[in-house]
Amino acid sequence: MDLRQYRYFCAVVEEQSVTRAAERLRMAQPALTQQIRRMEEELGVRLIERAGRGIRITPSGNRLYERAVSLLQFEQETRMEVSDIEAGRTGILRIGVNTLSASRLVEWIEQMKRRHPGIILQVHQGESSALIERLKERSLDAAFVRLPIDAQGISIEWMEEEPFHQVWHPDHPTADLIIPSQEGLGVFQTLSQRLGVVSQETCSDVLTLIGLVRSGQAVTVLPESTLRELDMTGLHQTYLPGAASTTAFVWLTEAGPTTLTKQFIEIIQETAE
């Protein structure tokens, strides 16, 4: 049986008449009667019986009606949910964020939630290379990453470049340098080249890194936007010439941006103009 037959049967039960049900469904009475008989043959039970000039719904028919109502309601709800997802009214937006983040991410998320209150937003943090892998695995819809990256199969919508600042505790200006990135990644390469070193200690957790600087165990280098989000009381910082980092918003080219991703891109473009 299909949903169309369930609708036919529900109409018969609700109208308590095959004739009135046929009128409601705008179909010929013999055709409706034939559909009901097909359902009875398929199920091997009687669904309706003659009762004088009217009909009586059998116990099996009543149970089928209850199930049919639930199925039809579920079908309608599913149609609405799928339509809402396609239109971007509901659904899940999964965004990856590099450890050093993007300068206006909180603002963009706030606007996205205000415009589309029915969506579910999931933000996942990680190194840029790990985020690219998650895009390729389809476990993320889009991500903010720090360039350079392996851009094969990746589409870039927006980029923003910002300078780095060196940060240290005034009592420990010669502490060991710890870079906020893992060896082999773009930020690590950029800073290593600028600072003239081949390898350094690393710490990709920014809060831990600032704690090490505050305790005098480290000197570090961070992008300008990250510094604006942190408590820098008691620490010194200075602009590092020639060292810059580029943040990009990317997604998997093959998959294309989802409807929610497109809406998020629109918000980014509005503020970037």
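Strand 7, residues 177-179, and strand 8 pair in the parallel sense, over two bridges. Within that pairing, Ile179 stands opposite Thr202 of strand 8. I should state at once that we are looking at a predicted model.

Let me place this pair in its wider setting. Strands 7 and 8 belong to an open sheet of eight strands, whose order is 4-3-5-10-6-9-7-8 and whose pairing is mixed. At the edges stand strand 4, residues 119-126, and strand 8, residues 201-202; each has a single partner strand, so one side of each is left without a neighbour in the sheet.

Which helices lie across this sheet? Helix 5, residues 105-115, lies across strand 3 (91-98), strand 4, strand 5 (142-147) and strand 6 (154-168). Helix 5 runs at about 160° to strand 4. Helix 6, residues 128-136, lies across strands 3, 4, 5 and 6 and also across strand 10, residues 236-252. Its angle to strand 5 is about 145°.

I turn now to the N-terminal helices. Two packed helices are described by the angle between their axes and the distance between the axes.

The pair to begin with is helix 1, residues 3-15, and helix 2, residues 18-25, whose axes come within 8 Å and cross at roughly 125°. That angle makes helix 1 oblique to helix 2. The crossing is right-handed. Helix 1 contributes Tyr8, Ala11, Val12, Glu14 and Glu15 to the contact, and helix 2 contributes Val18, Arg20, Ala21, Arg24 and Leu25. By class, this contact has six nonpolar and four charged residues, with no polar ones.

Next, helix 2 packs against helix 3, residues 29-43, at an angle of about 110°, with the axes 9 Å apart. Helix 2 is therefore roughly perpendicular to helix 3. On the helix 2 side the contact is made by Val18, Thr19, Ala21, Ala22 and Leu25, and on the helix 3 side by Gln29, Leu32 and Thr33. What is the make-up of this contact by class? It has five nonpolar and three polar residues, and no charged residues.

Finally, helix 1 and helix 3 pack at an angle of about 110°, with their axes 10 Å apart. These two helices are therefore roughly perpendicular to each other. From helix 1, the contact involves Arg4, Gln5, Tyr6, Tyr8, Phe9 and Val12; from helix 3, it involves Leu32, Gln35, Ile36, Arg38 and Met39. Those residues divide into seven nonpolar, two polar and two charged.

A closing word on confidence. The protein averages a pLDDT of 85, and 87% of the residues score at least 70. Among the elements, helix 3 has the highest mean pLDDT, at 92, whereas helix 7, residues 186-195, has the lowest, at 68. Where pLDDT is low, the predicted coordinates should not be read in detail.

Terms used. Residues numbered from 1 in each chain as written. Predicted model: local features only at pLDDT ≥ 70, side-chain atom pairs only at ≥ 80, totals over all residues. Heavy atoms only, no water. Pairing = 2+ DSSP bridges. Helix = DSSP H or I, 4+ residues; strand = E, 2+ residues; numbered from the N terminus. Contact = heavy atoms within 4.5 Å. Axes fitted to C-alpha atoms, helices over the stretch in contact; angles between N-to-C directions. Parallel < 35°, antiparallel > 145°, perpendicular 65-115°, else oblique. Left-handed = near helix turned anticlockwise from the far one by under 90°. Nonpolar A, V, L, I, M, F, W, Y, C, P; charged D, E, K, R; others polar. pLDDT = per-residue confidence, 0-100.
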